[in-house]
Structures are given as C-alpha cells and as structure tokens.
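Let's take a walk through a protein structure together. Have the sequence and the 3D view ready, and follow along step by step.

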Amino acid sequence: MKFDNISDTALYSSKLIYGCMRIAGDNSELDRAKGKKAILSAVDAGYNHFDHADIYGGGESERLFGEVLKESPHLRDKLIITSKGGIRPRKGDEYAPTRYDFSKQYILDSVDGSLKRLGIEKLDMFMLHRPDFLMNIHEVAETFALLKAAGKVEHFGVSNFLPSQVEALRAVSSQAIIANQVEINIHNVSTLLDGTLDQCQQHNISPIAWCPLGGVAYPAWGNTFSTDDEHRIADELSQQSQRYQCEPWQVILAWLLKHPANIFPIIGSTTPARIEAAKTALSLEYSREDWYRLFEARNGESVP
Ligand SMILES: NC(=O)c1ccc[n+]([C@@H]2O[C@H](COP(=O)([O-])OP(=O)(O)OC[C@H]3O[C@@H](n4cnc5c(N)ncnc54)[C@H](OP(=O)(O)O)[C@@H]3O)[C@@H](O)[C@H]2O)c1
C-alpha cells in the first residue's frame, strides 16, 4: 500500500480508501459476515482509511463497523475514520421530501448518531455529503467550529461540492476544508472540466474519488454511453491491460491516480481478492500517452 497526507494535515491515509457503503448488504447475517470479512481484508491489505456516511445501509454500515471495532479495539488508533452527513431521507413519512439539511441541529445530531453507531469518541474527518441548496455558509461554519471545540470531529471536508460552493464555505469557516469527495470515473469526468480538480491543486484540497469503477466494472450512474462507446473503451482497456499486465479495472484506477491533483480513489468492493488486487494500480508506471488514449476512447474523438 502507498500512503499520503490528506491535504496538509497529519492524516496519513492509504492512497486507496476503503468505502463502507456496501458492507451491510441486505443486513442479513450472511451479508453482515461478508461485510466484516471485507473490512478485515482491507485492514490486512494495508488500507487505513475507511469512508462512511450516516445513511449507508440506513445506519447499519456504521453499526457493523462499530462491531468490528468493539471486537478489535486496538484497531481504532490505527485507522482514519471518515463519515458524512446532511442527506435527510424521508424515513417512513411519505409526505416528507428527501432533502439535504445543513442546519446546525441536524448536523450536530448526525455526527452524534455516527459516533454512537461507530462506538468512537471522535471522527477523524466529517464531510457534508451533498450540497444543501439552502446552505447557510455562516451556520455551517459555526457548526464546524462547535464540533471541533466539542472534540467530536478533527477535520472537515465536503462531498459533491462545486468549486464555487467550496470557495464560499472556505471564505467564512475557521476550520479548513481538507477534502472534496466527488464522483470521478471514466463516465463522469466533470471534475476535470468544472474546476474542481484545479481548485484541489490550488488549495491543497485532497480529491477523493467515489465509484471509481463506474462505467467499467458496472454500468455508470445515469449512463449515457452508447454501445459503440462501451466497445471503444473496452477495446482500449483491453490493449492497455495487456501492455501493463493487469486487469482493465486496475488500468482505470491507474488513470485516476495519474492526475496531479493526487486523487485518493475509494474502493467499494466487498470481495477480499479485489480489495487486495486494487493495489496493483499503485505500482503501474502509467503513461501520459495512455491516459490520453483512454480519454480519447471515452470521448469518441481526439482532443482538439
Ligand atoms: N460521496 C458520495 O456521494 C458517494 C456516493 C457513492 C459512493 N461513495 C463512496 O464511495 C465508495 C465506493 O463506491 P462504489 O462502491 O460504487 O465503488 P466501486 O469500487 O467503483 O464499485 C464497487 C462495486 O463494483 C463491483 N466491482 C468491483 N470490481 C469489480 C470487477 N473487477 N468486476 C465486477 N465488479 C466489480 C463491486 O462488487 P463486489 O463487492 O462483488 O466486488 C461493487 O459492487 C462507497 O463505498 C462510498 O464509501 C460516496
């Protein structure tokens, strides 16, 4: 495993973060056992950073992780534990809209809920999950400061924020914004184009890539690829994986890792062999030419 600091903090994170969104599965005994095994496989493979959200598995993902920590308490101090909040599902009330909620009380309660389910005293990083259209930046800044002063959160980040939203919050928050967790994969390249990755480089904000394999290992969210697109990408990936002596999905991870903004991909597989094998991407000497070849295959045309 390789490691690097998140932003300029002392959080020395594995370059591959383990994503806990799928660990509770359907919450059956069988799926929970599989999830626990996945967590321990990730630890064995050298992942030291685990990504959560209050809503994953309706709270069951954090609860399952809490069980693992209870069974192996020595792990807590070795791991970086991140969670997210601010998405408010309708939860049984059919008339309630699913909404985003960055109001002070909701975020404070959300962090308390995560800490309780995880069975820990403090989150290493707390992220706002998706930008609340009704976000009051001053209220968020006040909430971050309260969480820090209470010793409940060490660092703060955002997720799915546009550069303008990051900038607005940065301008008023006493707490640094150290990471932006965004979707980056071969289908969704918006962060290359909308200034997100430029902003990350400029301010040393760590970009963390969710669903890094979307569009390759499984269909992309909101897939707009045609069958021709998919064939072109598969052909190029096949050539490159032969050249690098690895699997196509490992090439995709290398493609993300090539970016100078220092992207930390989140691995969401619950299959121990894949959790381990993802590390192959860290040692590929992936070339600029291949980066552009794959970009060209994805776009269906060369850059101008
Ligand atoms: N901030 C956000 O808004 C947001 C949104 C979504 C996700 N996330 C975070 O990002 C993490 C990663 O997302 P993700 O789970 O979608 O990531 P992913 O690693 O791109 O995808 C994992 C899925 O792909 C399958 N898979 C992996 N390698 C495969 C292969 N070689 N062939 C076929 N299938 C393969 C896995 O199946 P198996 O389990 O069977 O291996 C699993 O279903 C989440 O756990 C969560 O922490 C954040």
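Start with the stretch covering residues 15-294, which is 42% helix and 16% strand. The C-alpha atoms at its two ends lie 22 Å apart. Why pick this stretch? An unreviewed UniProt entry lists residues 15-294 as "domain: NADP-dependent oxidoreductase". Keep in mind as you look around that this is a predicted model.

Now turn to the ligand. Where does the ligand sit? You will find the ligand in the largest pocket. There, 26 residues surround the ligand, and the closest are Arg22, Asp51, Ser269, Thr271 and Arg274. If you sort the residues of this shell by character, you get 12 nonpolar, nine polar and five charged.

Next, zoom in on some individual contacts. At Ser159, an N or O atom of the side chain is 2.9 Å from a nitrogen atom of the ligand. With Thr270, the backbone takes part: one of its N or O atoms lies 2.7 Å from an oxygen atom of the ligand. Pro212 also contributes through its backbone, where a polar atom is 3.4 Å from an oxygen atom of the ligand.

How much of the ligand's accessible area does the protein cover? On its own, the ligand has 910 Å² of accessible area, and the protein covers 87% of this. Try rotating the view around the ligand in its pocket, and see whether you can pick out Ser159, Thr270 and Pro212 for yourself.

Technical notes. Residues are numbered from 1 along each chain as its sequence is written. This is a predicted model: local features need pLDDT of at least 70, side-chain atom pairs count only at pLDDT 80 or more; totals for chains, interfaces and linings use all residues. Side-chain values use heavy atoms; hydrogens and water are left out. UniProt positions are given in the numbering used here, feature names are shortened, and annotations may be inferred rather than shown by experiment. Helices (H or I, at least four residues) and strands (E, at least two) are DSSP runs, numbered from the N terminus. A residue is near a molecule or strand if one of its heavy atoms lies within 4 Å of it. A polar contact is a pair of N or O atoms within 3.5 Å; within protein, one must be able to donate a hydrogen and the other to accept it, and residues adjacent in sequence count only if both atoms are side-chain atoms. Accessible areas come from the Shrake-Rupley method with a 1.4 Å probe; for residues, only the protein chains shown count as cover. On a 1 Å grid over the protein atoms alone, a cavity is a set of points where a 1.4 Å probe fits but cannot get out, and a pocket is an open set with protein on both sides within 12 Å along at least five of seven lines; lining residues have an atom within 4 Å of a point. A molecule sits in a cavity or pocket if more than half of its atoms lie within 2 Å of its grid points. Ala, Val, Leu, Ile, Met, Phe, Trp, Tyr, Cys and Pro count as nonpolar, Asp, Glu, Lys and Arg as charged, and the others, Gly among them, as polar.
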